[in-house]
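Dear colleague,

I am handing over the structure that we discussed, shown directly below. My notes on what was found in it follow.

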Amino acid sequence: MPAAIEFRKVGFAHAERAIFDDLNFRIEEREMTALVGPNGVGKTTLLKIVAGLLRPTSGTVLLEGRALESWSRRELSCYAALIPQHLDVPFAFRVEEIVAQGRVPHLRRFSGPSERDLEVVEKAMQAVDILGLRERAYADLSGGERQRVKIAIGLAQQPKVMMLDEPTQHLDLGRQIELMELLRALRERGITIVAAMHDLALVRENFSSVILLTPEAASIAGPTADVLRPELLERAFLVDRSSLRRHVSAESLS
Amino acid sequence: MRRRPKTSSTLVTLAVSLLLAGVVSAGLGAVRVPIRSVIRALLDPAEAGDAGIILFTLRLPRVMAAGLVGAGLSATGVLFQGLFRNPLADPFVLGASGGAALGGAIAVFLVPTMSIAGISATALLAFAGSLLTMAVVWSLARAGGNFAVENMLLAGFAIGTMLNAASSALELGKEASNPGMRILTAWLHGEVGVPSWTQVSIVTVVELAALVLAIPLTRQLNTLALGEEYAEQLGVRVGQLRILVVVIGSVLTALAVSLGGLIGFVGLLVPHVLRIILGPDHFRLLPAAALSGAMFLIVADTIARTAFAPTEIPVGLLTAFIGGPAFLYLLNQKNKKKRSASL
């Protein structure tokens, strides 16, 4: 079976600087995969490549076995939704108006949403439990509420793959746990989840596989328990083992 | 949150009020024409007599002109604010009006009678002026890759000031009897004159066409509210949208400047008030702004020509007096929000 996402020797350079130059991994369908690695190693870049926002400088990206270049913009928007780390909305747009934007890839150009589209929007809001916020202005929401709205936009796209860029950042512990439960529920519904993550404890508890990006521009992919090993984390985050042991709970490491 | 009124009923209400404002305004002036006579003259121009001459040669062209200017500037405000994702963007603030005025002024002095394909060189150069200004402001606002509101406002202000100074410089060394002088002075002050019916008809047709072409873009502007990259992800061709909005906005600005010169803040105030009442959906906002903008400027121009009769004050002065403080208020609100968000 073809992988949901496959990278073959993928490289990306920005302004002459190589962010990575030989990434190889497979993300299987219905997996929950965490993207782990130090800041600046290219986690966001990787997600944007899959979302079609950045073009790799070398190598091949395959989605369901088909080369990324052969996907139309619209097909891609319906296949993979990228939930960005930050979303700021000017003016007092309401939550329901914002979530409805997720239908845009499914609409004919220039036309508005149909009854069916509005139903999908309704279900998306229901799935993340924000029906009560529908008439609130997005700009007035808290961090946890915003995170849910962003995921609702992604759900309204009805994607097979949902990618999240550091979704737990700035969330308190309770909201982090809620979010993880939500992502697991989405995976149960058949959506492949890919998330850039910093919190290894959350990764260990919730994700089935991990792609670890290291500063020497290599990637180590595999089941969570195989990848979150001290010697690999040491290499990725450039810390010595005793500090790693002191600061990261034993359960997070294998 | 407050309920928002329905789109259809809002538009009907606005259209009826606009018509009423036009009729009342046409009746007011040195010679008063009762509303009933205005309506009768409109229905049957041949039987209107002396009142008809005043109405059809002086009042109605001017009322139409004021309405067209107000509609064009307000609609451009909605489009530019959606594109720049900022409530402070308007053709005057961004320098587009200044660019149109300079382009038009150059044509008035250099090639006053030239026309290409039936469109006067004045109108074409005014369009080129506002288009060029917008392109420059856009690229300066995005300097370094990221769009910055401060850059946009500073660039718009600096370029607008330079352009206005350049327009004023054109006056130097010209005889006061030069026919261009009168036009230029009126433009720089923001006076709605009495245009010919030919001019009124051409502007009406082109403006309506531009507005109709802009309607399909309004839904994409709603998606753009999520940010350029997000809109791109959702399938909006942002580059194309940007070009279309800037071109349509520049056409509307050039038309408005050709009839009324530099009239500020209309494109800022009208959309802002409407956003409070109708919400930020650009699809609803655009037609509502065109109608309200027309009404606003008809009322303002009526005050400008009657309040200190027989002296007329340029309506641009009036809108600046109302709009300046309103702009500062808006800017302050925005900063307050930013401060409270960073706490």
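**Helix α5 of chain A and its surroundings**

Just after α5(A), Q158(A) adopts a positive phi of about 50 degrees. Please bear in mind throughout that this is a predicted model.

The helix that precedes this residue, α5 of chain A, covers residues 143-156 and has 14 residues. From its first C-alpha to its last it reaches 20 Å, close to the 20 Å expected at 1.5 Å a residue. Of its 14 residues, 11 are buried, so α5(A) is largely enclosed by the rest of the structure. The buried positions are R146(A), Q147(A), R148(A), V149(A), K150(A), I151(A), A152(A), I153(A), G154(A), L155(A) and A156(A). What do the buried residues of α5(A) pack against? Their neighbours in chain A are two strands, β6 (80-83) and β7 (161-165), together with the helices α3 (95-100), α4 (115-127) and α6 (173-188).

**The two sheets of chain A**

Both of the strands just named belong to an open sheet of 6 strands in chain A, ordered β6-β7-β8-β3-β9-β10, with mixed pairing. Its edge strands are β6 and β10 (219-223) of chain A, each of which pairs on one side only. On average, neighbouring strands of this sheet are turned by 15 degrees against each other, direction ignored. Strands β6(A) and β7(A) run parallel and are joined by 4 bridges. For A81(A), the bridge partner in β7(A) is M162(A).

An open sheet of 4 strands is also found in chain A, in the order β2-β1-β4-β5, and its pairing is antiparallel. At its edges stand β2 (17-27) and β5 (66-67) of chain A; each has a single partner strand, so one side of each is left without a neighbour in the sheet. Within this sheet, β1 (residues 5-14) and β4 (residues 58-63) of chain A run antiparallel and are joined by 5 bridges. In β4(A), S58(A) is the bridge partner of G11(A).

Which strands does helix α1 of chain A lie across? In the sheet of 4 strands, α1 (residues 43-50) of chain A lies across β1, β2 and β4 of chain A, and it runs at about 120 degrees to β1(A). In the sheet of 6 strands, α1(A) lies across β3 (32-36), β6, β7, β8 (192-196) and β9 (209-213) of chain A, and it runs at about 150 degrees to β7(A).

**Chain A as a whole**

The secondary structure of chain A comes to 10 helices and 10 strands. A compact globule of 254 residues would have a radius of gyration near 18 Å, and chain A, with 18 Å, agrees with that value. Along the principal axes, the C-alpha atoms of chain A fill a box of roughly 55 × 40 × 35 Å. Buried residues account for 43% of the 254 residues in the chain. Among the contacts in chain A with a separation of 6 or more, 69% are between residues 24 or more positions apart.

**Chain B**

Chain B contains 13 helices and 2 strands. Its radius of gyration is 20 Å, close to the 20 Å that the globule rule gives for 343 residues, so chain B is as compact as a globular protein of that length. The box filled by the C-alpha atoms of chain B, taken along the principal axes, is roughly 65 × 55 × 40 Å. In this chain, 49% of the 343 residues are buried. Of the contacts in chain B between residues at least 6 apart in sequence, 75% join residues at least 24 apart.

One residue of chain B may serve as an example. N164(B) lies in helix α6 (residues 149-169) of chain B. N164(B) is partly exposed, with 18 other C-beta atoms within 10 Å. Its C-alpha atom is separated by 8.0 Å from that of G99(B), a residue 65 residues apart from it along the chain.

**Where the chains meet**

How many residues does each chain bring to the contact? Chain A gives 21 residues and chain B gives 22 residues. On the side of chain A that touches chain B, the largest share, 3 residues, comes from helix α2 (residues 73-79) of chain A. The residues of that side of chain A divide into 13 nonpolar, 3 polar and 5 charged.

With kind regards

Methods
Residues numbered from 1 in each chain as written. Chains lettered and ligands numbered in written order. Predicted model: local features only at pLDDT ≥ 70, side-chain atom pairs only at ≥ 80, totals over all residues. Contact = placed C-beta atoms within 7 Å. Nonpolar A, V, L, I, M, F, W, Y, C, P; charged D, E, K, R; others polar. Expected span 1.5 Å × (residues − 1). Buried ≥ 20, exposed ≤ 12 C-beta atoms within 10 Å, placed from the backbone. Pairing = 2+ DSSP bridges. Axes fitted to C-alpha atoms, helices over the stretch in contact; angles between N-to-C directions. Rg over C-alpha atoms; globule rule 2.2 N^0.38 Å.
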